[in-house]
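Here are some exercises to try with the structure open beside you. Have a go at each task before you read its solution.

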Amino acid sequence: MIGDWIDVGPLAAIPLRGARTVPVAGGEEIAIFRTGDDAVYALVNRCPHKQGPLSQGIVHGHAVACPLHNMRISLASGEAMGDDEGCVPTIPVRVDAGRVLLSRMGAIATALAA
Amino acid sequence: MDFHASTEIVTSGDDAGADRRAHLVVIGNGMAGCRAIEELLARDGTRYRVTIFGGEPHVNYNRIMLSPVLAGEKTFDEIVINGHDWYRDNDIELVAGDPVVAIDRMAKTVTANSGRTVAYDKLLIATGSDPFIIPVPGKDLPGVISFRDMNDVDAMLAAAAKGGDAVVIGGGLLGLEAAHGLTLRGMKVTVIHLMPTLMERQLDEAAGWLLKTALEARGQTILTGADTAEIVGDARVEGVRLKDGTVIPASLVVMAVGIRPNVKLAREAGLDVGRGIKVDDHMVTSDPDVLAVGECVEHDGNVYGLVAPLWEMCRSLADGLVENHTGYKGSVTSTKLKVAGLDVFSAGDFSGGEGAEDIVLRDAARGIYKRVVVKDDRIVGAVLYGDTADGSWYFDLLRKQEDISEIRELLIFGQAYASGGGQADPKAAVAALSDDAEICGCNGVSKAKVIQTIVSGAVSLDAVRSGCKASASCGSCTNLVEQLLSLTLGEDYGGERTVKTLCKCTSFGHDDVRREIVAQGMRSIPEVMQRLHWSTPDGCSACRPALNYYLLCAWPGEYADDQQSRFVNERMHANIQKDGTYSVVPRMWGGLTNPRELRAIADVVEKFNAPMVKVTGGQRLDIFGIRKEDLPAVWADLNAAGMVSGHAYGKSLRTVKTCVGSEWCRFGTQDSTGLGVRIERMTWGSWMPHKFKIAVSGCPRNCAEATIKDFGIVCVDSGYELHVGGNGGIKVRATDLLCKVATERQAMDYCAAFIQLYREEARYLERTAPWIERVGLDYVKSRVVEDEIGREALTARFLVSQSFSQDDPWAARAAGVDRGQHQHLGEFRPFQLEAAE
Ligand code: SRM
Ligand SMILES: Cc1cc2nc3c(=O)[nH]c(=O)nc-3n(C[C@H](O)[C@H](O)[C@H](O)COP(=O)(O)OP(=O)(O)OC[C@H]3O[C@@H](n4cnc5c(N)ncnc54)[C@H](O)[C@@H]3O)c2cc1C
Ligand code: SF4
Ligand code: FES
């Protein structure tokens, strides 16, 4: 049975304070982040500033610094922090028994939006 | 009393057949099963006739206390919760050492291993959990033990009596307790933990690091990030082999990697089972006559591995059994661990999410780390290390969802301070301190002394630091000193610090941090953050790369680089472009190339459809538009033609530009091309505070533009002019002449010495030009030119460092290192997914 959550791989494959990507056929690439204290977030892998690949930024606390121009994005809300403005869509994600599960609807929504 | 005797059956003596009470049969004589009966008896002692089956040949004992038994602090008798008299007095039949093997829900009976079959009216399953055994070769060898029951403890004690080496696999709560017990029993213990930090589910990185350091100080070897490949041995265990090939000798291996709810019986009986046996709020399973409680259940999607939630479950279970339903609402758990006097506490969710803020207190002198996570004026999580006295207070505030906005400022100092009323204003508290109160513990400076220093003219933090040493060492009293400054100077105290701090996470400047790393021998990022009182749990994108560099520079060959603390280009070993693709620049020594290299580059451009290839301003070729997935393959092809990374992306040596020189040029005075190649061979691969560029020109016409480089050599008839501190970038700066030397050897040695001085003393992201403007050319000359012994030492240190850093990062990646950096985690084609691993 196809559930509401898609298993995209083991949590252990994402480095602490790092990210991995999941491309969506026909949609936008999703970045899955893992923070230093093991929280997991999924965001569209595209900075609201100039489309920088957020997955490649430095993760600190519950934020990521975009690799292109260092804009800081809140992982929980997808919103730019500090004086910057902009927002990137987030996708519900959870971890169960060491596997990362992405919301099927959330992922499809990015495909439809693209 | 001998509880280790084999099967023992205690009967109540009643004639069960004549008893008309409903029969409650319990499977599992453990913590939850017996507690449930205690709760029931407290409500109604006559309603049910009770029979308990236990898989273990013992009366009900306290499983938590197995750790003190292993450590030799308690005996088995001392950890018994309910002895035989309890069963007898309460008319309970105990069938110990005879596990139930089947449940027949139609007939409403259970059958035990011995064949004994008993009918029930109500059945309670409390079978707990089974230790998880990682499926590696050798897992069944004699000497491989789990840590769950008295039997395991006996086996460990027997092994420990022979001494030798023990390996504990799993650095969670259970594994660390096993390791501690075995250490006390005289074994040499190594803990193997898959994750980078110990107890990562309960502790954050900072607390995990403190714990690791303390355990190491107690003689244990802790290997984090270590993956077990195999347990080796012929007839019995002889050691453990890790995936990286290391073999650790062991006569005993304890597997403590986790537990799995024991749901076998329930599943076979057709009950609804998820991760655990599914129960409702009254602990009733999918069959109304079958209940379940303890670690074997799943309630509202959660399974638990600690006793506190079990107690809450047992209460609502008993309420339900006497038809006074209350209902279990799930539990918030906290963990308290005490190993050999080490206090650790964690509760709730410290990955707070949106809007969550961290309040962090670090006291290096006392080895304390406290972190409270606050969201919407409520505590949502806490991690305490070293001082856990306020753990229960935080946990209470957390569970009750108390609004903490009133006490927020003082929350982190604990209950005594925060609820203290009168002390609510920190400045007033400082003002109230007596004159002889100690402000700076490191240097023994009193309040009176600090004030006297301020009054006699030290009106900034720095001035106080140099005037009386207060706050000049560990810095933990910086806030106190600042408060004294503002109390003493009133409005005159500007408050701004003259030293620019490294970033917002710390009150220390770059130079202080560098000095302390060396002085205190700090060896990891979490250690620096702890000892220097970082105000954030894991720093920010400004301080982490700086700390990573400072540690790398201070401990060559020893410090393990932290990839996640590097900017994208240094992590990917290529330059990120505006569209997220990368550019690749192979090294061309001294700007020289040959047909083989050119052919390999041409082939890569075609094979990977690179949209552009360009000659750089640094005399080499740049291939554009490579996808991160293709980088390892590109590098493999370039490596095959003998090329290595050009580090066009690094805070490191970039290029050594050369001109034609004496070999061909009619004006050339020396072999500038050859010298450039030799210098590049010596300096490539080094990490620096910022990028570093070198050039060698063969005559004063200076075609290699050596006088705008970080280190430039201009060859003349009589030798080599060495120039430093040039910059052709944002703000052009021509070099200063450092000195003139006679031989090529000297030119190279001076170059190495200059680089090392810059590496050791410049601030992260400070290029040589601003560095020299700050410290002065005279200073650089005094170290590199005038002090011969010092220069030789600098050169030697550079070469030692280079012996560890001249590995081509591309070759490692092409061979599969950090594969995850380049691959997708999985791929999602709507309605179908393929995981990459
Ligand atoms: C590729 C190249 C341009 C070219 O096509 O020629 C280049 C490209 C970039 N330069 Fe440069 N610089 C290149 C030669 C130079 C030179 C000329 C030289 O080295 O002789 C300079 C002036 C000399 C100097 O550094 O003093 C130069 C001064 C800069 C600066 C300003 C540095 C400064 O101290 O003011 C930056 C910005 C920075 O580093 O913060 C910069 C930054 C960059 C970055 C890395 C921008 C960035 O952060 O992404 C560009 C990367 C593009 C890419 O993805 O490849 N680039 N850059 C050159 C690579 C040389 C090489 O083979 O490695
Ligand atoms: C060494 C150690 C230290 C711990 N320290 C702590 C701590 O500090 N704090 C904390 O909160 N928790 C701690 N725990 C966890 C805690 O002990 C468990 O959460 C608790 O024991 C679970 O209770 P339970 O009744 O569900 O399972 P158990 O206590 O395991 O009881 C289950 C019983 O059922 C029996 N059984 C299983 N199958 C059958 C069958 N078919 N027939 C008959 N009997 C069967 C088993 O033999 C076992 O005796 C520790 C655990 C261990 C092992
Ligand atoms: S000068 Fe350098 S940094 Fe600026 S656009 Fe050109 S390559 Fe990029
Ligand atoms: S694209 Fe992310 S900050 Fe510019």
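Before starting, one definition: two strands count as paired if DSSP finds at least two bridges between them. Keep in mind, too, that this is a predicted model.

**Exercise 1. Work out how the sheet containing S16, S17 and S18 of chain B is put together.**

Solution. Begin with the order of the strands: S16-S17-S18 (chain B), in an open sheet of three strands with antiparallel pairing. Next, look at the edges. Strand S16 (228–232) and strand S18 (247–249) of chain B each have a single partner strand, so one side of each has no neighbour in the sheet. Finally, consider the twist, which averages 20 degrees from one strand to the next.

**Exercise 2. Find how many bridges join S16(B) to S17(B), and describe the hairpin of these strands.**

Solution. Count the bridges to start: there are four, and the strands run antiparallel. Now pick out a pair: Val232(B) lies opposite Gly239(B) of S17(B). Then follow the chain through the hairpin, where six residues sit between the strands. Among them, check Gly233(B), whose phi is positive, near 150 degrees.

**Exercise 3. Do the same for S17(B) and S18(B): which residues are bridge partners of Gly239(B) and Arg241(B)?**

Solution. Strand S17 (residues 239–242) of chain B is joined to S18(B) by three bridges, and the two run antiparallel. Gly239(B) has Pro249(B) as its bridge partner in S18(B). Arg241(B) is partnered by Val247(B). As a last step, turn to the hairpin: four residues lie between the strands, and Gly245(B) has a positive phi near 100 degrees.

**Exercise 4. Describe the contact between chain B and chain A: how many residues does each chain give, and how much area is buried?**

Solution. Start with the residues: 47 come from chain B and 48 from chain A. Together the chains bury about 3,600 Å², with 57% of it on carbon and sulfur atoms. Which three residues of chain B supply more of its buried area than any other three? They are Gln564(B), Leu825(B) and Phe828(B), with 22% of the area that chain B buries against chain A.

Now list the polar features. There are five salt bridges between the chains. One is formed by the side chains of Asp96(A) and Arg275(B), at 3.8 Å from N to O. In addition, 15 residue pairs are in polar contact.

To finish, see where the chain B side comes from. S40(B) gives its largest share, four residues. By type, the residues on this side are 16 nonpolar, 15 polar and 16 charged.

Conventions:
Residues are numbered from 1 along each chain as its sequence is written. Chains are lettered from A and ligands numbered from 1 in the order in which they are written. This is a predicted model: local features need pLDDT of at least 70, side-chain atom pairs count only at pLDDT 80 or more; totals for chains, interfaces and linings use all residues. Side-chain values use heavy atoms; hydrogens and water are left out. Contact means heavy atoms within 4.5 Å. Buried area is the accessible area (1.4 Å probe) that two parts lose on being put together, summed over both. A salt bridge is a side-chain nitrogen of Lys or Arg within 4 Å of a carboxyl oxygen of Asp or Glu. A polar contact is a pair of N or O atoms within 3.5 Å; within protein, one must be able to donate a hydrogen and the other to accept it, and residues adjacent in sequence count only if both atoms are side-chain atoms. Ala, Val, Leu, Ile, Met, Phe, Trp, Tyr, Cys and Pro count as nonpolar, Asp, Glu, Lys and Arg as charged, and the others, Gly among them, as polar. Axes are lines fitted to C-alpha atoms, for helices over the stretch in contact, and angles run from 0 to 180 degrees between N-to-C directions.
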